[in-house]
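Work through the exercises below with the coordinates loaded. Each one sets a task and then gives a stepwise solution.

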Amino acid sequence: MQSQSVPASDQRFMRLALELGRRGQGRTWPNPAVGAVIVKDGVIVGRGWTQPGGRPHAEPEALRRAGEAARGATLYVTLEPCSHFGRSPPCADAVIAAGIARVVSAIEDPNPDVGGQGHARLRAAGIEVDVGLFADEAARDHAGHFLRVSEKRPYTILKLALSADDKIAAAGYRPLAITGDVSRSRVHLLRARSDAILIGIGTALADDPLLTCRLPGMEDLSPVRVVLDRALRLPGDSRLVHSARQHPLWVMTSDLAEAPAAAKLGGAGAHIMRVPTIAGQPGLDLKAVLHALSDKGITRLLVEGGARVASSFLAADLVDEIWLLRGPAEIGSGGIAALDAQPVSVITHSPRWQARATETLDQDTLTIYERA
C-alpha cells in the first residue's frame with residue numbers, strides 16, 4: 001500500500017497504532033512491541049499494545065476493549081497477526097472469531113512460524129486484508145524482532161556523549177558532565193525503551209554506574225544491565241552488584257574466567273554468561289555476545305559504555321543506530337578520545353551512516369544516525 005493513494009483515515013489510524021506499539025518498547029521482549037487500533041464507522045472502539053513480558057498481544061488486548069463493537073470493524077495493526085500457538089493462542093484466530101471485517105497490516109512478520117500465514121488465514125476466513133501501509137516505519141519499530149529472527153542478534157543502538165572536541169572523559173578516564181540535564185533525561189527515556197544496556201568493564205570500574213532509568217515514576221522501566229567482563233573484575237561492592245537483586249545484571253565473561261569469582265557475583269544476584277573469545281584479541285567475541293543476548297530474548301540493545309567498546313562494535317559492523325550527543329565545552333589535551341584510535345568522522349563523514357534527525361537539547365545537540 002503506497003501511503004499517497006491510501007485514504008487519510010487509514011493513515012491516521014495506522015499512525016496511532018504505531019504510536020501505541022512504541023509504548024511497549026523495552027518491556028515486551030522476547031516479543032515485538034505491536035500496536036493495534038479497532039475502528040467502526042469512523043470511531044475508535046478498541047486500542048491495544050503488547051503488554052509487559054509479551055502477553056497479551058496487541059490484537060487480543062484491543063479486541064477485549066472493543067467487545068461486541070469489533071464485529072464488522074477494521075483492525076489496524078503494526079505487524080502481521082500471529083498464526084501459531086506459542087505462549088498464547090493465534091491472534092489471527094481471535095481476529096476471525098471477533099468478526100473483524102477488514103485488517104490493515106503494516107508489514108509481514110518474517111518469523112517462519114508466521115511468515116504470511118496469518119494474513120492468509122484471515123483472507124481464507126473472508127476478511128479483507130491490506131498490507132504495507134507505513135511498512136518502513138513498522139520495519140524500524142520492529143527491527144529488533146526482525147534481526148533476532150534473521151541474524152540472531154538484537155537491534156543495537158550506540159550512544160555517545162562527546163565534548164566539542166570529540167572527547168568522552170578527562171585524562172585518566174575521570175568522568176565529567178559533558179551534556180546537560182535535558183540530554184540526560186532524553187538518554188534515560190532511551191534506556192526505558194531498550195531491553196538491555198551494555199558497557200565494558202573499563203566503564204564499570206571508572207564510573208561505578210547504576211545504569212537504571214531515573215526519570216520520576218519510570219524506575220521500574222530500567223533495562224537489563226550487561227557488563228562485558230572477560231576476567232570477572234567487577235567489584236562486589238559496586239553499585240551494579242549491590243542492585244543486582246532489584247534490577248537484573250548480566251555479566252558476560254569468557255570460558256576461562258575463574259569459577260570462584262563467578263560464584264561470588266552469582267551469589268550477589270548477578271547472572272553469569274560465558275561466551276567465546278577471539279584468539280589474539282583482548283575482549284570477548286561481540287557476535288557471540290549478541291547471539292547470547294538474542295537467545296535470552298533481547299531485541300533492543302543500548303550500548304553506552306567506553307571508547308574501546310564503542311570502537312569495537314563499530315569495527316565489527318554490529319551497530320544499527322547511533323545517538324551522538326555533543327556538549328558545548330571542550331575537554332582539551334589529555335582527554336579520552338571518543339572512539340579510541342578511530343576519529344569521530346568514521347560516523348559523521350562516512351557514506352555508511354546518514355543523519356536521520358537532529359535536535360537541540362538546551363545547549364547540547366543530538367544527531368541520530370542510521371545505516372545509509
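Four exercises follow, on a sheet, a crossover, the nonpolar cores and the salt bridges.

The model is predicted: local features need pLDDT of at least 70, side-chain atom pairs count only at pLDDT 80 or more, and totals for chains, interfaces and linings use all residues. Residues are numbered from 1 along each chain as its sequence is written, and side-chain values use heavy atoms, with hydrogens and water left out.

**Exercise 1. The five-stranded sheet**

Determine the strand order of the open sheet of five strands, and state which strands lie at its edges.

Step 1. Strands (E, at least two residues) and helices (H or I, at least four) are DSSP runs, numbered from the N terminus. Two strands pair if DSSP finds at least two bridges between them.

Step 2. The order is β2-β1-β3-β4-β5, and the pairing is mixed.

Step 3. β2 (43-49) and β5 are the edge strands, each pairing on one side only.

Step 4. Direction ignored, neighbouring strands of this sheet are turned by 15 degrees against each other on average. Axes here are lines fitted to C-alpha atoms, for helices over the stretch in contact, and angles run from 0 to 180 degrees between N-to-C directions.

Step 5. Helix α1 packs on the sheet and touches β1, β2, β3 and β4, its direction making about 145 degrees with that of β1. Contact means heavy atoms within 4.5 Å.

**Exercise 2. The crossover at β4 and β5**

Find the sense in which β4 and β5 pair, and the handedness of the β-α-β unit that contains them.

Step 1. β4 (residues 102-105) and β5 (residues 128-131) pair in the parallel sense over four bridges.

Step 2. In the register, Val103 stands opposite Val129, and Val104 stands opposite Asp130.

Step 3. Together with helix α4 (residues 117-124), the two strands make a right-handed unit; that is, with the strands pointing away from the viewer, the path from the first strand over the helix to the second runs clockwise.

Step 4. α4 lies across β4 and β5 and runs at about 150 degrees to β5.

**Exercise 3. The nonpolar cores**

List the residues that touch the most other members of the largest nonpolar core, and find which element gives the largest share.

Step 1. A nonpolar core is a set of buried Ala, Val, Leu, Ile, Met, Phe, Trp, Tyr and Cys residues joined through side-chain atoms within 4.5 Å. Buried means under 20% relative accessible area, exposed over 50%, and partly exposed in between (1.4 Å probe, protein chains only).

Step 2. The core has 37 residues, of which Met14, Ile38, Leu75, Val95, Ile100 and Val103 touch the most other members.

Step 3. The largest share, five residues, comes from α1.

Step 4. Beyond its neighbours within four places in sequence, Val95 is in contact with Glu59, Leu63, Leu75, Ile100, Val103, Leu122 and Ile127.

Step 5. A second, separate core of 36 residues includes Met252, Leu286, Leu293 and Leu324.

**Exercise 4. Salt bridges**

Locate the partners of Asp166 and Arg356, and classify the accessibility of each residue.

Step 1. A salt bridge is a side-chain nitrogen of Lys or Arg within 4 Å of a carboxyl oxygen of Asp or Glu; the structure holds 24.

Step 2. Asp166 pairs with Arg326, the closest N and O atoms being 2.5 Å apart. The two residues are 160 residues apart in the chain. Asp166, at 28%, is partly exposed, and so is Arg326, at 25%.

Step 3. Arg356 meets Glu370 at 3.5 Å, N to O, linking β15 to β16. Arg356 is partly exposed at 32%, whereas Glu370 is buried at 15%.
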